[in-house]
Amino acid sequence: MKSRLLMLAMVFFAMHGALAGNPITGLLERIDAGASRKFKVELLKNDGKEFFELDQQGAKVVVRGQSWVDVAVGINWYLKYHAGIHLSWNQMQAKLPAVLPPVKKKERHETNLSLRYDFNYCTFSYSMAFWDWQRWEREIDWMALHGVNLPLAIVGEECVWRNMLLKLGYMEEEIGKFIAGPAFLAWWEMNNLEGWGGPLPLSWYERQEALQKQILKRMQEYGMHPVLPGYCGMMPHDAKEKLGLNVTDGGLWNGYQRPANLLPTDPRFNEIATLYYKELTRLFGTSKYYSMDPFHESNDDAAIDYDAAGKAMMKAMKAVRSDAVWVIQGWTENPRPQMVDSMDPKDLLVLDLFSECRPMFGIPSIWKREEGYKQHPWLFCMLENFGANVGLHGRMDQLLANFRMASGEYGKHLKGIGFTMEGSENNPVMFELMSELPWRQEPFTKKEWIGNYVKARYGADDPVLQAAWQLLSESIYNCPAGNNQQGPHESIFCGRPSLNNFQASSWSKMKNYYDPADTRRAAELMVSVADKYRGNNNFEYDLVDICRQALADQARVQYQHAIADYKSFSRSAFAKSSQRFLDMLLLQDKLLGTRSEFRLGHWTEAARRCGTSAAEEDQYEWNARVQITTWGNRTCADTGGLRDYAHKEWQGLLKDFYYMRWKSYFDALAQQMEEQTKPQPELLGTGKNSNKTASELFSMALPQEVKLDYYAMEEPWTLQHGGYSATPEGSPVDVAKEVIAWLMQ
């Protein structure tokens with residue numbers, strides 16, 4: 001009887017899948033034409049835990065699961081661990097063998113972590129600002145293959161706001177001064193700034209509305225639950241004068257005017273929220289999940305009744321859909337206990353945003369919360385990347401240890417995991433590891449996992465590649481607990497030059513934790529077998545990335561030699577050591593030019609493709625250039641704290657932007673040294689320094705920092721147009737060999 005019921009359930013779900021449309025067929029065909037004929041997929045209800053199962057029927061591989069996403073995870077698992085095929089951001093297609101390797105023994109994986117989230121608000125600007133449907137389609141496939149069923153979906157939020165503000169009486173020109181440009185929409189959405197990078201043309205709104213509808217349709221076909229943006233009180237800063245609203249002044253954020261806040265306890269909050277949700281629903285439908293982060297990155301305000309505010313926001317959301325769940329980021333002060341403590345657990349879901357480094361769910365951390373999130377369900381999230389910076393980085397041991405604790409004594413209300421990176425398309429090894437954690441019930445070691453990853457990544461079990469990756473996993477991919485740096489170990493090439501250059505961005509909190517000899521040795525190992533893997537896409541991507549890291553790390557050492565020569569007043573040695581540094585920078589540019597992912601052109605060309613006129617193309621390219629360099633205007637760049645936050649080691653940017661800064665700086669130091677060899681009569685008692693104290697004269701005798709107007713060099717570059725291509729040049733293998741040979745000189 002039981003087997004009969006099971007069979008009926010399988011038939012029902014198979015029929016249901018046929019009626020609703022099977023997204024797995026399209027997924028497999030996008031991976032490789034004809035691939036769908038090599039698999040048999042089955043939806044099978046499983047009370048309790050989600051699962052996927054691998055089996056064999058004749059020549060076909062059978063993949064079963066409770067949902068289409070579970071089936072996609074099973075397909076990815078099969079490709080990695082049975083067929084030696086690894087799909088990643090750098091390649092979402094593969095040539096499958098004519099006959100797939102058989103599943104020799106039925107394999108089943110289950111998880112009780114039913115929610116798997118994806119994206120940070122920042123990801124939509126740092127990585128996705130100019131994505132089209134073709135790129136989004138690949139991303140949604142990647143999400144399904146890696147188990148994501150709860151993706152943040154905020155594309156087109158600006159369309160909702162434009163419609164709402166028009167109905168409130170704002171003119172198009174006023175709206176243009178409020179809504180930010182494409183590369184800065186995330187910070188407008190997070191209530192940080194108004195208007196920067198805009199105004200947006202009408203064609204942009206039309207494009208994004210259509211794009212979001214395509215995105216949501218595909219997500220829903222997979223059975224995912226898109227997280228739509230909710231309303232928590234943001235209004236234009238002039239809403240008091242314009243609409244008579246009782247709003248609080250948002251103040252400034254890194255030199256930018258912040259939007260105003262309409263307190264949820266204000267009598268007109270529900271009116272505005274209702275209008276917002278009406279427009280959101282009209283354009284994009286409803287969702288079971290809405291994202292809101294009220295009072296984001298702001299100090300507590302005694303004038304705000306946070307409990308009442310939370311209830312008002314919840315009420316407005318629930319008016320749209322009674323079963324809706326509020327998704328909130330666990331970040332710095334949020335969620336404020338006084339705002340959520342009285343809420344029903346079924347109504348709130350907390351993202352523990354930086355679980356691998358600064359968890360707030362209760363374990364030791366600089367952000368530890370003694371009671372965690374109390375009664376509320378939460379997700380264990382990996383942030384990994386800030387600013388979409390390029391660089392190898394990971395916290396493998398800490399990630400595994402924290403996840404074990406989260407799944408154990410601290411996991412009473414743990415409901416899943418999340419990817420919350422500010423920038424994607426980097427460090428695939430870390431995202432692969434994170435995606436597998438919910439499905440691995442048996443204990444495993446990092447060494448074992450890396451060994452299997454390498455075999456899947458390159459389709460071969462090569463002892464040299466294994467040695468390279470074991471070395472990386474114990475060094476640059478093993479940032480230790482207590483080191484709170486934000487994202488990759490930054491390249492010295494990307495920072496504004498100084499006598500004490502260390503980190504490129506002001507927020508990174510970077511701290512040395514590995515020996516640069518380790519990344520160099522890993523690069524040497526990769527190069528030693530490079531000829532064997534010519535044409536292997538995953539290998540060539542990793543070869544370039546690892547050699548890039550090694551060269552950047554050795555450049556940091558070279559920089560120290562140059563500064564030491566300067567401080568030693570060894571003019572000839574400084575000339576040689578500084579020139580070697582500049583040569584390394586240009587060699588880095590050449591190496592990165594061999595892969596489209598590391599070329600500036602892939603970013604600027606995507607920006608220009610969004611435009612429907614020359615003026616729009618130029619505006620979008622300006623957005624793209626500014627975001628990765630000055631980030632803002634002079635105030636923001638020089639004193640606001642965001643300059644180079646989104647720095648990139650990219651071909652084109654290195655030779656035309658970073659080289660310009662470093663060459664100017666070294667030339668200025670050389671000129672200073674030259675001037676110091678000339679007689680200085682003012683020090684003989686008759687000049688301008690004759691009245692200085694001994695202490696002041698001693699200070700003058702020390703090496704003096706050169707002060708250059710960097711923004712005056714940087715801004716002209718941001719105003720230029722064109723000149724960069726995404727098309728790779730040269731052989732990754734040949735140029736990587738050149739890099740290693742050069743480092744051995």
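**Aromatic rings in close-up**

In this predicted model, 61 aromatic pairs are counted. A pair of aromatic rings is described by the distance of the centres and the angle of the planes.

**View 1. Phe119 and Trp136 meet edge-to-face.** Their ring centres lie 5.9 Å apart. The planes make an angle of 85°. That angle is over 60 degrees, so the pair counts as edge-to-face. The pair links distant parts of the chain, with the two positions 17 residues apart. Phe119 sits in the loop between strand 5 (115-118) and helix 4 (123-126). Trp136 belongs to helix 5 (residues 133-145). Both Phe119 and Trp136 are buried.

**View 2. Trp662 and Phe666 form a tilted pair.** Here the centres are 5.4 Å apart, and the planes differ by 40°. Both residues are in helix 24 (residues 653-675). They are 4 residues apart, so about one helical turn separates them. Trp662 has 0% relative accessibility and therefore counts as buried. Phe666 is buried too, with a relative accessible area of 2%.

**View 3. Several aromatic residues form one cluster.** Its members are Tyr126, Phe184, Trp187, Trp196, Trp253, Tyr256, Trp622, Trp631 and Tyr645.

**View 4. The charged end of Arg162 sits over the ring of Tyr205.** It is 5.2 Å from the centre of the Tyr205 ring.

**View 5. Lys648 lies over the face of Trp650.** The distance from Lys648 to the ring centre of Trp650 is 5.5 Å.

Methods
Residues numbered from 1 in each chain as written. Predicted model: local features only at pLDDT ≥ 70, side-chain atom pairs only at ≥ 80, totals over all residues. Heavy atoms only, no water. Phe/Tyr/Trp six-rings, centres within 6.5 Å; stacked < 30°, edge-to-face > 60°. Buried < 20%, exposed > 50% of the residue type's maximum accessible area, 1.4 Å probe, protein only. Lys NZ or Arg CZ within 6 Å of the ring centre and 35° of its normal.
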